[in-house]
Amino acid sequence: MSTVVNVEEKLFQNRYKVDHGRPHISIKKPEICANDCQSQQCTYVCPAACYKAEGNGSVTLITDGCLECGSCRVICTEHTNVAWEYPRGGHGILFKFG
Amino acid sequence: MAEKFDAIVVGAGPSGNAATYTLAKAGLKVLQIERGEYPGSKNVQGAILYSDALEKIIPDFRDDAPLERHIIEQRMWMLDERSFVGTHFRSDDYNKPPYNRYTIIRAQFDKWFSSKVREAGALLICETTVEQLLMDDNKVVGVRCDRMGGDVFADVVILADGVNSTLARKAGFHGELQPKNVALAVKEILFMPEEVIQARFNIGEEEGVVIEMMGSVTEGMVGTGFLYTNKDSLTIGVGCLLSDFKANPKKTTPYALLEKLKKHPSIAPLIEGGEMKEYCAHLIPEGGYNAVPQLFGDGWMIAGDSAGFVNAAHREGSNLAMTSGRLAAETVIAAKAAGKELNAKTLSAYKAALDGSFVMKDLKKYRHLPDVLETSPQFFTTYPELVTRAAQTLFTVDGVDKASKQREIMGSFKSARKLTGLVGDAFKLWRATR
């Protein structure tokens, strides 16, 4: 896809109550992403671009912009390497319109 | 908090609100737990409200529910990169009250529905995530929350916690969602003056239009685009099967797909100048009949998206959610009145009620559709392109005689799908939708 789309601009319109220091999603074993996962689909399927493919082959996750859809967990079929919970009550995305 | 309730409902979306309202109206002691700051703050939908399902719960909802526009025209577009062929169905019958369907804004609508739930006498607790179900042997006896000092107990727990269905999954009631059984949809809301919307869509005050799109906008993935008119905003979005997003060799992101849709020459003029105020994403359970999990057990039932109640072919979900929530509640009310224990045997009446309703009848009717579409991407790529090209060939006046044009069109269909392919596709679609 040639069009570069800046998803941060989209996410900037949203309201969040970030639970600082308590991310609700984590990568169980980062070495599996780096060594065993060829496709790293989370890096292009996540609609909030929370997952980034790093130059050294690893995948990093920052959940602040998470839309809580669940896609990352569902697509990680081969390695089931995503530990996924809802944020603590009241935290995370707060849809104004939904 | 060792207080015991007749029922606990997890979630304040359409199914959870329908269930809680129905239980509270019947005088039962019911606790509803919502993880959002307010009901609606975690909920995403297109959104179309189908009146019938809500009328059966709150007959006079039109008096004060926040409704955007009633739909008088349904458009279905097949697109290629530069054009579209569309069918539009507009009827003045849809312009006579009581209206059949409306666009709504879920955060506002859910807040309203929740106010009715509380008026009916239910206790609602927000900003509280349920972490797990509490079991006594195989029976669900309550829930563990991330606040309120922990555990709450009830005779029955109704799981209306949405598509990810975290609680039933953790309890082992069903497995993980399959990527081929869920669509990932992203959308934006674009604000603009009412009069602009009315002029662009050829509608009057309070009248609305729905556009569903298939074709090049999904890059060969199984999915559709949509554009809905709200009062002073438009909702535009696109959704495709998660398995297709994952397998797409172009590795297109959902937001890039949405941007491409917004730039389509047939769409761009309709949304021009709209001020984007929110970007959402959501999974839609589209696995249909064959993906519906176990729906009840000792002390629990599952409703709405968590149970996979979406009729993808007709873009219906919230009405199935409300109906299933209501039927779950009615099952509890009837069992309580008869003095029965709320075990699997008693709660099987919920499944029977669903089977007798449009919820399971419709899912059953289209039970082959998910498999057919998943294995037949031609319906989402080849055909829309063939149709738009055929229209262009036929309608371009360029000195070529019409018989030759007709032969060219027939030839393009045959070379794309072969005669056997065309007949096979027709048969597949007939079988999947009959």
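Me: Which residue with a positive phi follows helix 1 of chain B?
Reply: This is a predicted model. Helix 1 of chain B covers residues 14–25. The residue that follows, with a phi near 90 degrees, is B:Gly27.

Me: What distance does helix 1 of chain B reach from its first C-alpha to its last?
Reply: Helix 1 of chain B has 12 residues. At 1.5 Å a residue, the expected value is 16 Å. The model comes close to that, with a reach of 16 Å.

Me: How many residues of helix 1 of chain B are buried?
Reply: The buried residues include B:Pro14, B:Asn17, B:Tyr21 and B:Leu23. Among the elements that cover them are strand 1 (4–10), strand 2 (30–33) and helix 9 (318–337) of chain B. The helix is largely enclosed by the rest of the structure, because the buried residues number 11 of the 12.

Me: Is B:Gly16 buried or exposed?
Reply: B:Gly16 sits in helix 1 of chain B. Leaving out residues up to four places away in sequence, it touches B:Val9, B:Val10, B:Gly11, B:Gln32, B:Ala160 and B:Gly325. A residue is buried if 20 or more other C-beta atoms lie within 10 Å of its own. B:Gly16 has 34 such neighbours, so it counts as buried.

Me: What distance separates the C-alpha atoms of B:Gly16 and B:Leu270?
Reply: Along the chain, B:Gly16 and B:Leu270 are 254 residues apart. In space, their C-alpha atoms are separated by 35 Å.

Me: At what angle do helix 9 and helix 10 of chain B pack?
Reply: Helix 10 of chain B spans residues 344–355. Helix 9 of chain B passes it in a right-handed crossing. The two axes are 9 Å apart, and the angle is about 145 degrees.

Me: How many nonpolar residues does the contact of helix 9 with helix 10 of chain B have?
Reply: From helix 9 of chain B come residues including B:Leu327, B:Ala328 and B:Glu330. They meet residues of helix 10 of chain B, among them B:Leu347, B:Tyr350 and B:Leu354. By class, the contact has one charged residue, three polar and, for the nonpolar class, nine.

Me: Where is B:Ile48, and is it buried or exposed?
Reply: B:Ile48 is found in strand 3 (residues 48–50) of chain B. Beyond four places in sequence, it touches B:Arg101, B:Thr103 and B:Val210. B:Ile48 has 21 other C-beta atoms within 10 Å, so it is buried.

Me: Which residue follows B:Gly46 across a cis peptide bond?
Reply: Most peptide bonds are trans. The bond that starts at B:Gly46 is cis, with omega near 20 degrees. The residue it leads to lies in the loop between strand 2 and strand 3 of chain B. That residue is B:Ala47.

Me: What is omega for the peptide bond from B:Pro97 to B:Pro98?
Reply: B:Pro98 lies in the loop between strand 5 (84–90) and strand 6 (101–103) of chain B. The bond from B:Pro97 is cis, with omega near 0 degrees.

Me: Is B:Asp137 buried or exposed?
Reply: Its place is in the loop between strand 8 (130–136) and strand 9 (139–145) of chain B. B:Asp137 has a positive phi, near 55 degrees, in a residue other than glycine. With 6 other C-beta atoms within 10 Å, B:Asp137 is exposed.

Me: Is B:Ser165 buried or exposed?
Reply: B:Ser165 is in the loop between strand 10 and helix 4 (166–170) of chain B. It is not a glycine, yet its phi is positive, about 45 degrees. It has 25 C-beta neighbours inside 10 Å, so B:Ser165 counts as buried.

Me: What is the distance between the centres of domain 2 and domain 3 of chain B?
Reply: The domain assignment gives 180–285 as domain 2 of chain B and 370–433 as domain 3. In their contact, 11 residues of domain 2 meet eight residues of domain 3. Taken over C-alpha atoms, the centres are separated by 25 Å.

Me: Which element gives the largest share of the side of chain B that touches chain A?
Reply: The contact takes 46 residues from chain B and 30 residues from chain A. On the chain B side, elements giving two or more residues include helix 3 (106–119) and strand 11 (182–191). The largest share is eight residues, and it comes from strand 15 of chain B.

Notes: Residues are numbered from 1 along each chain as its sequence is written. Chains are lettered from A and ligands numbered from 1 in the order in which they are written. This is a predicted model: local features need pLDDT of at least 70, side-chain atom pairs count only at pLDDT 80 or more; totals for chains, interfaces and linings use all residues. Two residues are in contact if their C-beta atoms, placed from the backbone, lie within 7 Å. Helices (H or I, at least four residues) and strands (E, at least two) are DSSP runs, numbered from the N terminus. Domain bounds come from an automatic or database domain assignment. The expected span of a helix is 1.5 Å times one less than its number of residues. Axes are lines fitted to C-alpha atoms, for helices over the stretch in contact, and angles run from 0 to 180 degrees between N-to-C directions. A crossing is left-handed if the near helix is turned anticlockwise from the far one by less than a right angle, and right-handed if clockwise. Ala, Val, Leu, Ile, Met, Phe, Trp, Tyr, Cys and Pro count as nonpolar, Asp, Glu, Lys and Arg as charged, and the others, Gly among them, as polar.
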